[in-house]
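Biologist: I am new to this structure and would be grateful for a close look at a single part. Please take me through the aromatic pairs and the residues that form them, and begin wherever you find convenient.

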Amino acid sequence: MASTDAVFFSLHRAAYQTTLREEAVSHRRDIFTFLRSCEIFKKMGTRDLSRVADVVQSVSFPEGTRIVREGDSGAAMFFVEEGQVMVKQLAEKKDGETDSDEENIIAMLKTGQYFGERALLTDEPRSASVEAVTDTICLRIDRESFLKLL
């Protein structure tokens with residue numbers, strides 16, 4: 001028994017399912033449109049691009065988050081959907097060794113650009129670190145999903 005007055009709302013199952021379905025279709029359409037705007041996909045056919053849109057996952061990274069770390073194994077590629085990321089590599093000392101504390105900025109990537117593509121094709125460790133400069137949303141595709149598309 002409730003100790004205070006309460007108000008209950010009901011939502012018909014069909015209306016709820018329709019709302020969920022419409023939201024999923026809208027989100028998928030947004031992903032497709034974004035991917036179409038990326039230079040790497042501009043010449044890809046609609047059917048193939050739809051297959052890519054089906055397997056990418058949206059991932060959010062708060063400002064300052066290290067998304068990938070140089071030297072780690074890589075199993076995914078990322079497309080910057082919103083925000084900006086910084087690509088950095090460990091600085092090399094004069095003796096050819098790397099300095100584990102100092103990093104050089106290699107690039108700044110923004111919406112529509114991507115990183116980690118080598119991870120999909122090889123088993124090489126990450127060649128650079130990538131950090132979110134702003135709150136960032138990326139679309140992620142893992143190696144297994146990518147290889148199934150080929």
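Modeller: A brief remark on the surface comes before the rings. In this predicted model, Leu20 counts as partly exposed, because its relative accessibility of 44% lies between the limits of 20% and 50%. Leu20 belongs to helix H1, which covers residues 13-37. Together with Leu11 and Tyr16, Leu20 forms a nonpolar patch on the surface, and the accessible area of the three together is about 320 Å².

The aromatic pairs may now be considered. Searching the whole structure yields four of them. One of these joins Phe78 and Phe115: the ring centres are 5.1 Å apart and the planes meet at 15 degrees, so the pair is stacked. The pair links distant parts of the chain, since Phe78 lies in strand S3 (residues 76-82) and Phe115 in strand S6 (residues 114-115), 37 residues apart. Both Phe78 and Phe115 are buried.

Phe79 and Tyr114 also form an aromatic pair, a tilted one, with 5.9 Å from centre to centre and 50 degrees between the planes. This pair, too, links distant parts of the chain: Phe79 is in strand S3 and Tyr114 in strand S6, 35 residues apart. As to exposure, Phe79 is buried, with a relative accessible area of 2%, whereas Tyr114 is partly exposed, with a relative accessible area of 31%. Finally, ring pairs link Phe79 and Tyr114 with Phe41 into a cluster.

Notes
Residues are numbered from 1 along each chain as its sequence is written. This is a predicted model: local features need pLDDT of at least 70, side-chain atom pairs count only at pLDDT 80 or more; totals for chains, interfaces and linings use all residues. Side-chain values use heavy atoms; hydrogens and water are left out. Rings of Phe, Tyr and Trp (its six-membered ring) pair if their centres lie within 6.5 Å; planes under 30 degrees apart count as stacked, over 60 as edge-to-face and the rest as tilted. Helices (H or I, at least four residues) and strands (E, at least two) are DSSP runs, numbered from the N terminus. Buried means under 20% relative accessible area, exposed over 50%, partly exposed in between (1.4 Å probe, protein chains only). Patches are made of residues with over 30% relative accessible area and no salt bridge: like charges are joined within 9 Å, nonpolar side chains (Val, Leu, Ile, Met, Phe, Trp, Tyr) within 5 Å. Accessible areas come from the Shrake-Rupley method with a 1.4 Å probe; for residues, only the protein chains shown count as cover. A salt bridge is a side-chain nitrogen of Lys or Arg within 4 Å of a carboxyl oxygen of Asp or Glu.
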